[in-house]
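Student: Could we go through this structure together, one question at a time?
Tutor: Happy to! Let's have it in view before we start.

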Amino acid sequence: MTSIAYDTLRITWPAIAGASGYDIYRFNTSSSVYDLVESTTLLTFVDDELTPGITYTYQVKAYRTVDSTKVESNASASVSGKPSPTTV
């Protein structure tokens, strides 16, 4: 995970063979659960408009569509980071 701006984090992950796409989940400290924030076919996700200095935690699940049903893998290990100003 990389902080790419004062309010933005970039998450990347390796391709999973046979995956149709990836679901990105962010931990919600208010409810203590991971909320789905994005579904993508890319191997990167940019989360912006975050609060600088706050730690955000993410998990990624690969999915594939089987008979019109979305089937997700187990969650990846959690990764955490906090957006911070870039060095001038």
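Student: Leaving aside its neighbours within four places in sequence, which residues is Y63 in contact with?
Tutor: Keep in mind that this is a predicted model. Y63 lies in strand β6, residues 56-66. Setting aside neighbours within four places in sequence, the contacts of Y63 are A19, S20, G21, Y22, D23, T40, K70, V71 and E72.

Student: Is Y63 buried or exposed?
Tutor: The cut-off for buried is under 20% relative accessible area. Y63 has a relative accessible area of 13%, so Y63 counts as buried.

Student: Which residue is the bridge partner of Y25 in β4?
Tutor: Start with the strands: β3 (residues 21-28) and β4 (residues 33-40) run antiparallel and are joined by 7 bridges. The hairpin they make has 4 residues between the strands, and S32 there takes a positive phi near 60°. Across in β4, the bridge partner of Y25 is L36.

Student: What separates the C-alpha atoms of Y63 and Y25?
Tutor: Along the chain, Y63 and Y25 are 38 residues apart. In space, their C-alpha atoms are separated by 13 Å.

Student: Which strands stand at the edges of the open sheet β1-β2-β5?
Tutor: Three strands make up this open sheet, with antiparallel pairing, in the order β1-β2-β5. A strand with a single partner has one side left without a neighbour in the sheet, so the edge strands are β1 (2-5) and β5 (44-47).

Student: Which residue in β2 does S3 stand opposite?
Tutor: β1 pairs with β2 (residues 8-12) in the antiparallel sense, over 3 bridges. Opposite S3 in β2 stands L9.

Technical notes. Residues numbered from 1 in each chain as written. Predicted model: local features only at pLDDT ≥ 70, side-chain atom pairs only at ≥ 80, totals over all residues. Heavy atoms only, no water. Pairing = 2+ DSSP bridges. Helix = DSSP H or I, 4+ residues; strand = E, 2+ residues; numbered from the N terminus. Buried < 20%, exposed > 50% of the residue type's maximum accessible area, 1.4 Å probe, protein only. Contact = heavy atoms within 4.5 Å.
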